[in-house]
Amino acid sequence: MRVLMFGWEFPPHITGGLGTACFGMTKGLAKNGVEVLFVVPKAHGDEDQTSVRLLNASDVTVDIDHETERSYWDRVQYMEIGSNIIPYVGPEQYEIMVEEQRRHATRGFRSSVFAPRYEFSGKYGANLMEEVARYALIGSSLATKYDFDVIHAHDWLTYSAGIAAKETTGKPLVVHMHATEFDRSGENINTDVYAIERCGMEAADIVITVSDWTRNIVIEKYGINPDKVITVHNAVEPSDKSLDEYERSGLKNKVVTFLGRITYQKGPEYFVEAAYKILQVDPSIHFVMAGTGDLLQKMIKRVAQLKIGANFHFTGFLKGNDVDQMFAMTDVFVMPSISEPFGIVPLEAMRLKVPVVISKQSGVSEVVEHALKVDFWDINGLADAIYGLCKYKAVSDVFRKEGKEEVDNLKWEYASKKIKNVYELAINKTR
Amino acid sequence: MRSLCFYFQVHQPYRLRTYRFFDIGKRHFYYDEYNNRIAMQRVAERCYLPMNQLFMKKIEQLGSKMKFAISFSGTAIEQMEVYAPYALESFKKLVATGNVEVLAETYSHSVSSLMNKDAFKMEVAEHKRLMKEIFNVRTKTFHNTELIYSNEIGADVAEMGFDLMLTEGAKHVLGWKSPNYLYVNAINPKMKVMLRNWKMSDEIALKFGNEKFNVDDFVNWLNSIPKEEEIVNIFIDYETFGEGKDASTGIFDFMNYLPEAVLKNTDFQFVTPHHIADKLQPTGVFDAPIPLSCRDEERDLSTWMGNDMQDDALATLYGCFKKVKASKDEELMRDWRALQASENFAAMCTKYPNGTPYDYYINYMNILTDFINRI
């Protein structure tokens, strides 16, 4: 079986969970004997319009050295399309960022701690919707050149490409909802984005959601027929890294970490407020907010206002090894997301034996047992859970041990098996 | 004869390095050594050496008629010792002529006077000791960081044994009164207060080179001052010469011709602050119940305090003063002084364009966390 997959990022060039998920999924599919043609936009702009090449070790830094796994990679082809599409950014924000980037480029000044991760070639339009259309155009022409059985599109930016490919080839389309516009923007959604999401799901033969939380949103808020919406929970790649490979925290006290984009969806405010409550009781605990986003300045201001700056640290955007390094220094990991379709970061933390507190409004809470679960808005509950894991060794020890075991069994190999089943279902449907 | 008093500030803070969360508890070196060295060597080359040379020449030519005052921050002296010892030698020679009064200030150019009286006292005492050690002088005239002053600070400084203090002739405090007189502190009348004539000081420091302004203009301006006004105080950052104002603006020529022109064409003579304060009678009270400074149009404290980040950083830093003092640890004391530099808090100010106050705050607090951990 062969699948044409439209994504938007691929490790090691990642900005969030989607890239990591696609990486694991692709690998899992390869293990299940599925061949993948993976298409991603790339914002460099100086390469050929459609540079097609085979994935090799120099492109990906993760896990590729394993002799045993190398054979699977022969089943994956990786393609880049010259485009400025970037993940996790809405149309309005996109314009602002392009503008910012232009100004920064002329000023030649870069903030060292929070250097923007995004780079624009400046060659393409500043309008995200145009870019989406562009991607779709190239995607459909690409589809005619290759032979495959099913199309798989990840999130709204690639839906147009998926639909176009389906129209040109008549092959079944599976769309994968990793996040909905409601997760990103709350109730004040961008209606253009909503329309594309809905259109993609309507056109799809099957919709995969990453959790039942997301499945409900898709059914209730997009009016999609429940019969064709199937939940496949994300998984996580088991890590052979151990904590011993990393530096431990230089602080004598407990470290509590938030790691993710600092945006509305992730609930950073609740983390700050809970930190303040805990510090009233135990002023020795330290809190770290790792990541960047449009609420970063607001969070810094709030921390200063609460006068907890000596115990509350910001690291800026972390990637690769720095993320695991951060976990190695962490005693409790917190994900207070307001609406989290899945949320893979807690699994990465658990993998390194870090106890976690997660919000009930997350997909990941559907699959893990050994985590404390609270409502995101319940600051007292959040503070309680964090404090408990910091203070009571009996609980945190169990979470460390059992949590790791639990996560090690959430393999992409199994999740990808389910995705393969979905493909078969979709193919049968269109026959 | 009326009096013209020039005073120059020589200061360099320690610039801090990027200090990440991951460094806390592991690496205790906080400074950007490269940039500190570059900055010090650059200012020594462009300003300290040529300007000292110019003044040496003037003193040789004019003898005791050429007098002025300089204030050195402790952190500037420390960095000169390490990165530009030749500049320090040059200053020593200049002070040894006896025509230069060395002023007292806070060791680290800090805002301790606003935060903690004991910390303030310690800063002043350490600075006094350093001036004795380096220049073999006993300082008698105090000027606070960026001329920060209030009635209370003036009284605190009097308690430390000073009887003259320099501050800003701020319009909002002076009202109709002229800065060109000697005043006294509102709490302790034994403390005399000399005021900066900001109009002329800024004329030189900010406008020189941008607008037509030469020695004749300066002389004419002096002559236009009512005859009964007895003293004009021009306080300028020493760096203005060569750094703030590039040599190509003609600022060195300006300072070269100015002394003779003043002596020949006006009834002003050059004086040092303490010398003249002994001779003049104070004419009134300078009443500043609310602290003022010489910074920005507002002449207030908003450069260093008032926003949440500045207030958190300041409260955290001065909150550990007692423990630092009790530790009697020389390395801790050294870092304590560097971390106090007022520039750290000015960099967290959100009122200036092109700043990175949030980044600075985060970085500073990381360092502070490590520092507190060590105590």
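Here are legends for four close-up views of this predicted model.

**View 1. The two domains of chain B and where they touch.**
Chain B splits into domain 1, covering residues 2-286, and domain 2, covering 308-374. Measure from centre to centre over C-alpha atoms and you get 25 Å between domain 1 of chain B and domain 2 of chain B. Where they meet, domain 1 of chain B puts in 26 residues and domain 2 of chain B puts in 19. On the domain 1 side of that contact in chain B, α2 (74-83), α4 (112-115) and α5 (117-135) each bring at least two residues. Sort that side by class and you find eleven nonpolar residues, eleven polar ones and four charged ones.

**View 2. Strands β1 and β8 of chain B, side by side.**
Strand β1 of chain B (residues 2-10) runs parallel to β8(B), and seven bridges join the pair. To pick out one of the pairings, look for B:Phe8, whose bridge partner in β8(B) is B:Ile236. Is β8 of chain B mostly covered or mostly open? Mostly covered: of the seven residues in this strand (231-237), six are buried.

**View 3. Helices α1 and α2 of chain B, crossing.**
Helix α1 of chain B spans residues 33-62, and its axis comes within 10 Å of the axis of α2(B), with a crossing angle of roughly 90°. Angles from 65 to 115 degrees count as roughly perpendicular, so that label fits α1(B) and α2(B). Which residues make the contact? From α1(B) come B:Asn36, B:Arg37, B:Met40 and B:Gln41, while α2(B) offers B:Gln79, B:Met80 and B:Tyr83. By class, this helix-helix contact between α1(B) and α2(B) has three nonpolar, three polar and one charged residues. Helix α2 of chain B also turns up in View 1, as one of the elements supplying at least two residues to the side of domain 1 that touches domain 2.

**View 4. Chain A meets chain B.**
Zoom in on the contact between the chains: 20 residues come from chain A and 25 from chain B. On the chain A side, the elements giving two or more residues are α10 (296-305) and β11 (312-316) of chain A. Which element gives the most to this side? That is α10(A), with five residues. Broken down by class, the side of chain A that touches chain B has eight nonpolar, ten polar and two charged residues.

Methods
Residues numbered from 1 in each chain as written. Chains lettered and ligands numbered in written order. Predicted model: local features only at pLDDT ≥ 70, side-chain atom pairs only at ≥ 80, totals over all residues. Domains from an automatic or database assignment. Contact = placed C-beta atoms within 7 Å. Helix = DSSP H or I, 4+ residues; strand = E, 2+ residues; numbered from the N terminus. Nonpolar A, V, L, I, M, F, W, Y, C, P; charged D, E, K, R; others polar. Buried ≥ 20, exposed ≤ 12 C-beta atoms within 10 Å, placed from the backbone. Pairing = 2+ DSSP bridges. Axes fitted to C-alpha atoms, helices over the stretch in contact; angles between N-to-C directions. Parallel < 35°, antiparallel > 145°, perpendicular 65-115°, else oblique.
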